[in-house]
There are 4 protein chains.
Amino acid sequence: MPSSAGRFREVIDRIAGEMARLTDRGSPADYIPALAGADPGCFGMAVAEPDGTVYGAGDWRRPFSAQSLTKVFALALVLSLEGESLWRRVGREPSGNPFNSLVQLEYENGIPRNPFINAGALVVTDRLQSLTGNAAERVRELLRVESGNAGIDFVPEIAASEAAHGDRNAALAHFMAAYGNITTPVPELLTAYFRQCSLEASCADLALAGSFLARHGVRADGSALLTRSQAKQVNAVMLTCGTYDAAGEFAYRVGLPGKSGVGGGIIAVVPGVCTLCVWSPGLDRRGNSVAGVSALDRFTTLTGLSVF
Amino acid sequence: MPSSAGRFREVIDRIAGEMARLTDRGSPADYIPALAGADPGCFGMAVAEPDGTVYGAGDWRRPFSAQSLTKVFALALVLSLEGESLWRRVGREPSGNPFNSLVQLEYENGIPRNPFINAGALVVTDRLQSLTGNAAERVRELLRVESGNAGIDFVPEIAASEAAHGDRNAALAHFMAAYGNITTPVPELLTAYFRQCSLEASCADLALAGSFLARHGVRADGSALLTRSQAKQVNAVMLTCGTYDAAGEFAYRVGLPGKSGVGGGIIAVVPGVCTLCVWSPGLDRRGNSVAGVSALDRFTTLTGLSVF
Amino acid sequence: MPSSAGRFREVIDRIAGEMARLTDRGSPADYIPALAGADPGCFGMAVAEPDGTVYGAGDWRRPFSAQSLTKVFALALVLSLEGESLWRRVGREPSGNPFNSLVQLEYENGIPRNPFINAGALVVTDRLQSLTGNAAERVRELLRVESGNAGIDFVPEIAASEAAHGDRNAALAHFMAAYGNITTPVPELLTAYFRQCSLEASCADLALAGSFLARHGVRADGSALLTRSQAKQVNAVMLTCGTYDAAGEFAYRVGLPGKSGVGGGIIAVVPGVCTLCVWSPGLDRRGNSVAGVSALDRFTTLTGLSVF
Amino acid sequence: MPSSAGRFREVIDRIAGEMARLTDRGSPADYIPALAGADPGCFGMAVAEPDGTVYGAGDWRRPFSAQSLTKVFALALVLSLEGESLWRRVGREPSGNPFNSLVQLEYENGIPRNPFINAGALVVTDRLQSLTGNAAERVRELLRVESGNAGIDFVPEIAASEAAHGDRNAALAHFMAAYGNITTPVPELLTAYFRQCSLEASCADLALAGSFLARHGVRADGSALLTRSQAKQVNAVMLTCGTYDAAGEFAYRVGLPGKSGVGGGIIAVVPGVCTLCVWSPGLDRRGNSVAGVSALDRFTTLTGLSVF
């Protein structure tokens, strides 16, 4: 395998070709109309290397709804702002339950298991809102600066649609507020959270924006967003908790830290080597992109780059 | 035992005397300041006989916060308005879990186990609000008319205090709304619910207002609020579900249909014979009035009037 | 309604006639072959009055598998032998979960919610075995003496079949043993338990044998098996916990203390008036006899004898 | 960092020195007497490199009770014998619950979440027993051959003590048998399981025996125990599920696939580089060796060898 920049161009092209022939592609998320209309035939894959080189295949420059992919960036921002103290409010253990479950939250007194289940992501956004007064804008700014794409923005229709179907998240937020683990007023928090999730970006944007995870915490401009140890920690949480109730399966098949979203995107990290972003809107029953997981599986198989 | 009206005067006086000497009286509910200040030394007990005779002992004419006692009246109103169809929205089985638990609610897809746990009471108020546009006022009206006391009213400070500590109920309401089992907008529902719970009335008022349960559904004016079968059903739900996670214990010790509230009140029914209301603000760990349960236990022991 | 002995003969005959025309009768329990073969067309109903008068209709003299009906008798024996101390080992609250669930048992540290779910019945048999060395024989003896039928006996094939399918009960017993709440060696306990459950008796036998519950604890010979208070307590536990996850429904429809078994039998008590036993092998989805519940519903409707 | 064999000698010595000064070392497992007597002052650490070089520090040659470390070897044996079909009987997802919990097992119909919680390990041993007739001996044989130490053996006193306190495992086994997911008779299975767990070996033995995981499945003699893909999969399951309810924490702090046992041992893998085994009997509240986790944390910090 060549070590120069661009070394995965061929493998990416090959995978995109394979994915184009994939027949069982799952179905788009249908809990809000704005996502249900996505075309499961779409597929994009981008690789960002630590030096800023980015390339891809398929629909890799087409914006899609980032949704839960934004949770990685919100988490990184909070860690950069307040460090370890976040972990008194949210755990780092896999949840072992479907991603919306309230059961464990009650069992553990309002402390979510990890920052990537919805309850935990609400806590992270609550912290970011408390620390900055403007959680969603901070996430947008981070994506813009790291990707170099100033056009990345919220999609108000998506945010409104999420809010209109937001009873479960409202329940989670009020429930944690009852335990004192949410301090932002719940309506304000939900507005910030749904805005954050409505961000739209392309595989290219998100692979670049997530490059700090492959660069041990270093931003595009060379400054540190996270310490080396914190970057490693985010990767660890992604590996154990990043793909809903399929984290074990994802580790088993793909073997990389990864975070998926219901928009069909997945960010994955090969520490020190590259950050990947794949996208295809069709989901499996656990909410992960069918072609996305398959493409990452092929990537680690073809390159031998699994962390295991 | 004399069968004439007033036949329980002596036994009530005797019990009030015993309760005055009770040393371990529990502690008032402390989740809102307005209840925490109640004097656990208070004790009242009233008996209302089917012919409208009412008498009592101790603080039986002193108003207290009815809280969950209002759930019996809201349930009766909804049953009188829409009958059996309510039971598609709420079950009739004991909950087997502390009264606020979300676990079973999730397990059973947003259908609360029974109308007396908080989730179920929210569904009942949601129905009453949907059917009448004014749930709390309807409950107030029923209490006023049946008791003959036009002074029964809401306590805005109590309602406001409940709302300020209402995250858990908000969580329950949003959670059920996510399952389509709440149709009133959640903020409107919570306002109605907290108003309803803030009603203040005396043992005398509540024993009279609950007389329809001893009269097989017949109101004070001789008209039917409930059918004979429905009245029997409400009594059955009170016996199996009326005292939080202590329904078995209450059936075992007292042996009457009963409904308790965190204000320290308990309504109990001897079908065909009388309706009782006791009040003492000190609660046991399950949220039932210590002196109240004890007084009812003594009543059935002394009169032999348990349903078993 | 006549108050002399035999006063329910007509109503029983009428109900048996109605039940003969019932079309939807449920299906026999099929977890063991010995029960699966029962004819859902069978129906029997017997009434035992406090003076020992017994009569019935349909298959009221035909023996059937008593199964969980024996739990009432085992409970009464343990209460008569050690009284209140039993309640440190088993609760008296409805379970709020399907009858075999392990969840609440774990949540409550090996103390079953009540003596009628399987876990609780195992604790009762464990106590009876510890206190007498011969739990199953004691239950058989009680049934024989109270019914006057010395032919009541175990059915070894049923006991063997239960044992062959006994993994869930074995799991429950070992689980409670891990908490120190079972002291008999598990294999010995299970043998006793499955023997006890294999007892075969008729509606006539079981109504007579359960007469002490309508006689406030007094046995057929006039001696006390239970105190008045204990008899009342057993009735209370039957009402709140006697019909698996349908206790609320049973209270609501029938309104009497009752205990059902998967053999299709149900014992019900009208305190001070009579003990009933109905039998029909077809069960509903919660494990209660369809025709049995229906017959008892008709009985309380026709006689007005509900406790509510 | 030197790439020759023995390159971690200095770092191991340094860590052993640090661990000797550790003051808070936790407490040995006390659920069976045979483990409770272990000296928490003990500490051993061994590194086995792919070429068979092994070295260590502290008590690295002293045998200790392998306990759950044996689960890795049993899993590898079953995968080598029947491959993917194992995953129809046991999942690969983290459990999100304390390691003995029955709740999820019931929720998921007798299919354990992963092969490293007790329920899952029982399924693995059940498979190994079914496939070979001699599960415990096969595990012993694998350890002996791979480590080159023919003295590795069971400790009958440990096995007997586990059996005497084995009610919870018996409950798990019977519970899964009720779902048809255990086919070996439960007493036979438990005997095999407790024997397997009673194996005693040193850090040196276990690091060597686990070398196939760093060698992509290749045994000491050059033959394949597992395919490259299977070896990667075992590492993935170790990372996400190997340290009870602290897998996220372990990934976060250490960042290596690891499996711990209540005897105080931990096996960890740096794929392609080495297998480590640490041992110190004092456990934290989640059942992992305090000094063991700390030593591995130091190892990845000092060498930069975390997979993240």
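When I say "rotation axis" today, I mean the axis that comes out of superposing two copies by least squares on the C-alpha atoms of residues with pLDDT of at least 70 in both. Hi everyone, and please keep in mind that this is a predicted model.

Let's begin with that axis. Chain D lands on chain A after a rotation of 180 degrees, with 0.0 Å of shift along the axis and an RMSD of 0.0 Å. The two copies are thus related as by a two-fold rotation axis. Which residue of chain D comes closest to the axis? That is G96(D), whose C-alpha sits 2.1 Å from it. Both copies use the same surface, too: 100% of the contact residues of chain D recur in chain A.

Now to the interface of chain C and chain D. Here 15 residues of chain C are in contact with 15 residues of chain D. About 1,300 Å² is buried between these chains, and carbon and sulfur atoms give 60% of that. On the side of chain C that touches chain D, the elements giving two or more residues are α4 (103–107) and α8 (167–178) of chain C. The most comes from α8(C), with eight residues. Sorted by class, that side of chain C has nine nonpolar, three polar and three charged residues.

What about salt bridges across the interface of chain C and chain D? The rule finds zero. It does find four residue pairs in polar contact there, both residues at pLDDT 80 or more.

Last, the pairs that stay apart. Chain A and chain C do not touch, with their nearest C-alpha atoms 10 Å apart. Chain B and chain D do not touch either, and their nearest C-alpha atoms are also 10 Å apart. Thanks for listening!

Conventions. Residues numbered from 1 in each chain as written. Chains lettered and ligands numbered in written order. Predicted model: local features only at pLDDT ≥ 70, side-chain atom pairs only at ≥ 80, totals over all residues. Heavy atoms only, no water. Contact = heavy atoms within 4.5 Å. Buried area = accessible area lost by both parts, 1.4 Å probe. Salt bridge = Lys/Arg side-chain N within 4 Å of Asp/Glu carboxyl O. Polar contact = N/O pair within 3.5 Å; in protein donor to acceptor, adjacent residues only side chain to side chain. Helix = DSSP H or I, 4+ residues; strand = E, 2+ residues; numbered from the N terminus. Nonpolar A, V, L, I, M, F, W, Y, C, P; charged D, E, K, R; others polar.
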